[in-house]
Amino acid sequence: MKISMKIKPEALAIIKKKMDDDHQIVLLSLNDGSNKYSKKGGTCTIGDSFQFVILDKRDPEYDIKIANDAGLDLYTAKPETTFLENGLVVNARNSTLSLSSDSGIIDGGVTVTKFEGNKISKDDLLNGGQC
């Protein structure tokens, strides 16, 4: 499976703010409660919420390389590909990322998180985006 993505400069700047020398791997992951990186959940979010997750090492479950024009070491997993279409573009407007395809907007509120373990804070529990 071949996936490619254009990442606009403004969007790249937002992603890179979460990266450091030790965290250079980037995942495009669902943010719907379906995986270990998601803090969001509920049936209303299935397939319509994405996030970029910044890691310090590769995750073998995310083994599909996403070719991109920004030079990121970017991957996704098979479950995510169900919701990805041709012509993927990541854009930024007012510091908010959006993911779109040739068919239109997939997610207008893509988040970026540096993953540092499965820590769930009190704030996550109170404001985790459950529906």
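Which ring does the charged end of Arg58 sit over? It's Tyr75: the charged end of Arg58 is 4.0 Å from the centre of that ring. Before I go on, please keep in mind that this is a predicted model.

Okay, let's turn to the loops, starting with Tyr37. A search through the whole structure turns up two aromatic pairs. In one of them, Tyr37 meets Tyr62 edge-to-face, with 5.6 Å from centre to centre and 65 degrees between the planes. Tyr37 is in the loop between strand 2 and strand 3, and Tyr62 is in the loop between strand 3 and strand 4, so this pair ties together parts that are 25 residues apart in sequence. Buried or exposed, these two, Tyr37 and Tyr62? Both are buried.

Then there's the pair of Tyr37 with Phe115. Here the ring centres are 4.8 Å apart and the planes are at 85 degrees, so this pair is edge-to-face. Phe115 sits in the loop between strand 8, residues 104–114, and helix 3, residues 122–127, while Tyr37 is in the loop between strand 2 and strand 3, so the parts being tied together are 78 residues apart in sequence. Put the three rings together and you have one aromatic cluster of Tyr37, Tyr62 and Phe115.

Why does Tyr37 count as buried? Because its relative accessibility is 9%, and the cut-off for buried is under 20%. Phe115, with a relative accessible area of 23%, is partly exposed.

Now stay with Tyr37 for a second, since it also brings us to Asp59. The side chains of Tyr37 and Asp59 make a polar contact at 2.4 Å. Asp59 belongs to the loop between strand 3 and strand 4, the latter being residues 64–68. At 6% relative accessibility, Asp59 is a buried residue. If you leave out neighbours within four places in sequence, Asp59 is in contact with Lys36 and Tyr37. The side chain of Asp59 also reaches the backbone nitrogen of Glu61, at 2.8 Å. And if you'd like a sense of the fold around there, Asp59 and Leu27 are 32 residues apart in sequence but 8.8 Å apart in space, C-alpha to C-alpha.

Right, charges. How many salt bridges does the count come to? Four. As general background, side chains of opposite charge can pair when their charged atoms come close.

One of those salt bridges is between Lys36 and Asp59, with the closest N and O atoms 3.1 Å apart. Lys36 is in the loop between strand 2 and strand 3 and Asp59 is in the loop between strand 3 and strand 4, so the pair ties together parts 23 residues apart in sequence. Lys36 itself counts as partly exposed, at 39% relative accessibility.

Lys36 has a salt bridge with Glu61 as well, and there the closest N and O atoms are 3.4 Å apart. Glu61 is in the loop between strand 3 and strand 4, with Lys36 in the loop between strand 2 and strand 3, so the parts tied together are 25 residues apart in sequence. Glu61 counts as exposed, at 53% relative accessibility. Through shared partners, these salt bridges join Lys36, Asp59 and Glu61 into one network.

Somewhere else on the chain, Asp20 forms a salt bridge with Lys114, the closest N and O atoms being 2.8 Å apart. Asp20 is in the loop between helix 1, residues 9–17, and strand 2, whereas Lys114 is in strand 8, so the pair ties together parts that are 94 residues apart in sequence. Both partners are partly exposed: Asp20 has a relative accessible area of 27%, and Lys114 has 25%.

Last stop, Ser38. Where is Ser38? In the loop between strand 2, residues 25–30, and strand 3, residues 50–55. Ser38 is buried, with a relative accessible area of 15%. A polar atom of the Ser38 side chain lies 3.2 Å from the backbone nitrogen of Asp32. Not counting residues up to four places away in sequence, Ser38 touches Leu30, Asn31, Asp32, Gly33 and Gln51.

If you want to look at one spot on the screen, try Asp59: its side chain makes a polar contact with the side chain of Tyr37, and Asp59 forms a salt bridge with Lys36. From Tyr37 you can then follow the aromatic cluster on to Tyr62 and Phe115. That's it from me.

Technical notes:
Residues numbered from 1 in each chain as written. Predicted model: local features only at pLDDT ≥ 70, side-chain atom pairs only at ≥ 80, totals over all residues. Heavy atoms only, no water. Helix = DSSP H or I, 4+ residues; strand = E, 2+ residues; numbered from the N terminus. Buried < 20%, exposed > 50% of the residue type's maximum accessible area, 1.4 Å probe, protein only. Polar contact = N/O pair within 3.5 Å; in protein donor to acceptor, adjacent residues only side chain to side chain. Contact = heavy atoms within 4.5 Å. Phe/Tyr/Trp six-rings, centres within 6.5 Å; stacked < 30°, edge-to-face > 60°. Lys NZ or Arg CZ within 6 Å of the ring centre and 35° of its normal. Salt bridge = Lys/Arg side-chain N within 4 Å of Asp/Glu carboxyl O.
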